Structure formats: C-alpha cells, structure tokens
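Let's take a walk through this protein together. Have the sequence and the 3D view open side by side as you read.

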Amino acid sequence: MSISNPKTPEQSANELKRKLGLGAVIALGVGTTVGSGIFSSLGEVANAAGSSLFLVLAFLIGGLLQIPANFCYAELASAFPEDGGQYVYFKEAGSRPLAFLCGWISFWATDPPSISIMALAIANYLAFFIPVHGIILRLVAVAFVLIFMMMHLRSVEGGGKFQTVITALKIIPFVLIIGIGIFFIKGELFLSSAPLATVTATGFTALMAGISATTWSFDGMAAACYMSGEIREPKKNLPKGLILTAFIVLGLYVGLTVVASGLLSVDELAASEAPIALLASKIPVIGNYAGTIVAIMAVIVVVGSLSSCIMFQPRIEYAMARDGLFFKSFGKVHPKYETPYFSILVQCAVAIVLIFASSLSDLLGYFTLVALLKNFLTFGTIIVLRNKEHYKPAYRMPARPLMVGIAMIITGTLIWSTFIWAPLAGIACAVIAVVTGLPVYYFWESKNKKAAGK
C-alpha cells in the first residue's frame, strides 16, 4: 500500500488530465537534452579525449552509459505515473523530508535560473541578426519567457504539440549536417589516433576523461517523468518514450561526432569556441552560409529547451502543494485551461527577476553538486522500493542490479569530480539547502498534523 497521503476532495478537483502521448514524452526528453551545450561540448570533449578516435568513442560509450539511468527512470515512472518526478520517488521510498528538499532546491536553486539562462541565450543568439544589447537584450529574454509561459499556461495539449514540432525542427539541422557531411569525410582524419600536441593524458586515462566530459550533454532525458500524471497510458508510453529518447540522443550525438572527426582535426575541434559552426563551414554545400545556419540552429535549439523547462518544471511544486508540503496555491489547476497555472506563473516570475541579476551561470554552477546528489539518491530509491509492498512497476529494467549500479557509479564519479572542482561552493549550497529547507518542511508538516487532528 502506498504511503502517500489520501487525496482530499479539493485535491481531487485539482487533478491534471492525461492529455499527452508518446510523442510528447520523446519531445520533452530530446528537447530538454539537446540544448545549447552541444554547441560547445564537442570542443570540450575533444580537448579531454585528445584524439579523433577517442572523441567518437567518448560520445558512444558516454551515451551507452547513460542508458541505465533512463532504465531506472522508466521503471520508477511506470510504478508511480504521477506528476513530480524525483519528489514522488523520494516520497514513495519513505523519505518525505528528502522529497521536500528535492523540490525546495529545485524551486529556489535550479529551475528558475535555468529558465533565465536559456532566455538570455536566445536573446544573445538573436543578436547575430538584430544587434541588441544591455537592457534591450534582457527585455527580449523576458518576452520569450512570457510567450512560453502563456502557451503552457493556456493548454498542455497545445504546449505538447509545440514541443513536438520544435523538437523536430531542432533535430532536422543536425540530421542535415550529418547526412550531407558524411559524404565529405576524410578517412585519414576519422581514423587518426594522433593525440593533441598539448595533451597531458593518453590511452585509457584520456578516454575516461573524454567520457566524463560528455555527461552533461546527455542530461535532461528524464524530463517527462515530471509530467507522468499527464501522460496517456503512462505504464506503456513512459518506459517506451524514455528508452527511445536515450537512443535518439545517442544516435544524434554519435553521428555528429563521426562527421566532425572526419572533417576536422582534433586540434581544430579542441581550439574552436564554436565547433559546430566550424564544422558547418567545412561542408561544401552549406559552407558559405555556415554562420547564419548555425545561428538559426542555436535559436531553435534553445527555444526548444526553454519551452520544455517552462512546461515540466512547475509540476514539482504542484505535486508538493497537493501533499501539503508547499504553498497551497501552487496546487491549483485552472478551471478552464486545466494546467497548474499558479505554479507556472510564479516560477516564470522568479526567472524574470533573475534575468536582471548577474552571474547567473555561476549561480547555477554552485548548485551542481546538490543536483547530482539528487540524481544519485533517486537511483538508490529503487533499492529501497523493491522490498516495499506498494512498489509494482509495470516495466522492470533488465539486469536491475547492474543497471542501478552503473547509473549510481556514473553519477558518483560526477559528484566526485564536481567536488574536486568546487568543494566549498558545493558544500555551502548543500548546507544552505538543508538549513533553510528542513525548518520549512517541519513547519508544513506540523500544519498538516494539526489539520488532520481537527
């Protein structure tokens, strides 16, 4: 039997409807994952891997190692097909405090800042066509947040259709670069194992460094889990969609890497600040228009990611509010639009405030360690849940202990590398999250107990 609190009549009236299908699951996962990061990660991975051969292998192995994480999310989502994602899994595993902290950190630390950063990125990319700067650039970013806020507030179906279309549009340019570029590959570059002139690590060490550098390129594939309560036939569509997402992203990245390694030397890739633009310039058919094409690609790519985040992120606070662990208003569903309108409004309002703040990238980076810890513990919930009577997933991942182990090891490796990179910032943010979050949690729990005692 589930440990979740029984739903009140008011909560039942605020239930979100299941209006999204398999296409939306894939669009959310692919749309969130394939973001602006891929425009720079090719160079970063090339620099870490040190050779063309290892660059390709790094993305291939790195992508394969991410599949167990999606297997974990597919099983959890099929067991608990309701909105909230990680928050729900911690709660069902028996830790309401940890579940609350998950949502608390998401709201104050990661979700609104990510919206702000993507909106600013779109404005910066648009500056390629229309020169804007200063306050005008920030106002353009605000406009994009407001546009997608209204779209996802008015209709989850309309938002899902847009997400599917924009995800297809963002993939098409990559597919074209891969499809055309493959005919111009130079075998001697693709098969080259010659290392960078400045490489400090070789062999297995360099390959592992390259694999580690790909990890963030695959982050975001489980976005649909936060909207599980709005997916039709969730026990079928969620596992299928999550697994297909992993293979689509893997195929896209490996194909792009193969073409890049066949048209550019590893030295060129490692030295370039815009490796995809450089790659496009080397393809004869599109070379003269490379700058414009890549700028358009960048806008579409980040628009898709911004739309996705505004669509799924507010569902965490919605789920918490319905359990009495967040402000009651966040659990409201619009009577006409049937969306968690208040949660969407507030998260976008916070994001707009942050657009006018400075050093947003640094702010988001400070919470990287905490975000990774959430992922690590999420995979661990399967170990706890498998012995609970109410855990009955419709989908069970193959070789469960191995898949969970790989997912936790990969995430644990990232936690260690992030801790080495910024130990004080990570610890400080973890402490702040606990010190601010736990008192609020116990305050709301005391209110729930008083209400239940009446």
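The paragraphs below go from the whole chain to a few chosen places within the fold.

A word on confidence comes first, since this is a predicted model. The protein chain has an average pLDDT of 84, and 88% of its residues reach at least 70. Among the elements, helix α5 (residues 86-92) has the highest mean pLDDT, at 94, while helix α17 (residues 360-366) has the lowest, at 52. You may like to keep α17 and its mean of 52 in mind as you look around.

Now for the overall architecture. The protein chain contains 20 helices and 0 strands. Of its 454 residues, 55% are buried. If you look at contacts between residues at least 6 apart in sequence, 84% of them join residues at least 24 apart. The outside of the protein chain offers about 19000 Å² of accessible surface, and carbon and sulfur atoms account for 69% of that.

Next, find helix α14, which runs over residues 290-312. How far apart are its end C-alpha atoms? With 23 residues at 1.5 Å a residue, α14 should span 33 Å, and its end C-alpha atoms are indeed 33 Å apart, so the two values agree. Is this helix mostly enclosed or not? Because 18 of the 23 residues of α14 are buried, the helix is largely enclosed by the rest of the structure.

For a single buried residue, turn to Ser 343 in helix α16 (residues 341-355). Its relative accessibility is 0%, and since buried means under 20%, Ser 343 counts as buried. What does Ser 343 touch, once neighbours within four places in sequence are set aside? Its contacts are Pro 314, Glu 317, Tyr 318 and Phe 330.

Finally, come out to the surface. Here Trp 416, Phe 419, Ile 427, Val 431 and Val 435 make up a nonpolar patch, with about 490 Å² of accessible area together. Helices α19 (400-421) and α20 (423-453) each provide at least two residues of the patch, and α20 gives the most, with 3. One member, Val 431, sits in helix α20. Val 431 has a relative accessible area of 46%; this falls between the 20% and 50% limits, so the residue is partly exposed. As a reminder for reading any such helix, an α-helix has 3.6 residues a turn, so residues three or four places apart point the same way.

How values were computed: Residues numbered from 1 in each chain as written. Predicted model: local features only at pLDDT ≥ 70, side-chain atom pairs only at ≥ 80, totals over all residues. Heavy atoms only, no water. pLDDT = per-residue confidence, 0-100. Helix = DSSP H or I, 4+ residues; strand = E, 2+ residues; numbered from the N terminus. Patch = residues over 30% accessible without salt bridge, like charges linked within 9 Å, V, L, I, M, F, W, Y side chains within 5 Å. Areas by Shrake-Rupley, 256 points an atom, 1.4 Å probe, with all protein chains shown as cover. Salt bridge = Lys/Arg side-chain N within 4 Å of Asp/Glu carboxyl O. Buried < 20%, exposed > 50% of the residue type's maximum accessible area, 1.4 Å probe, protein only. Expected span 1.5 Å × (residues − 1). Contact = heavy atoms within 4.5 Å.
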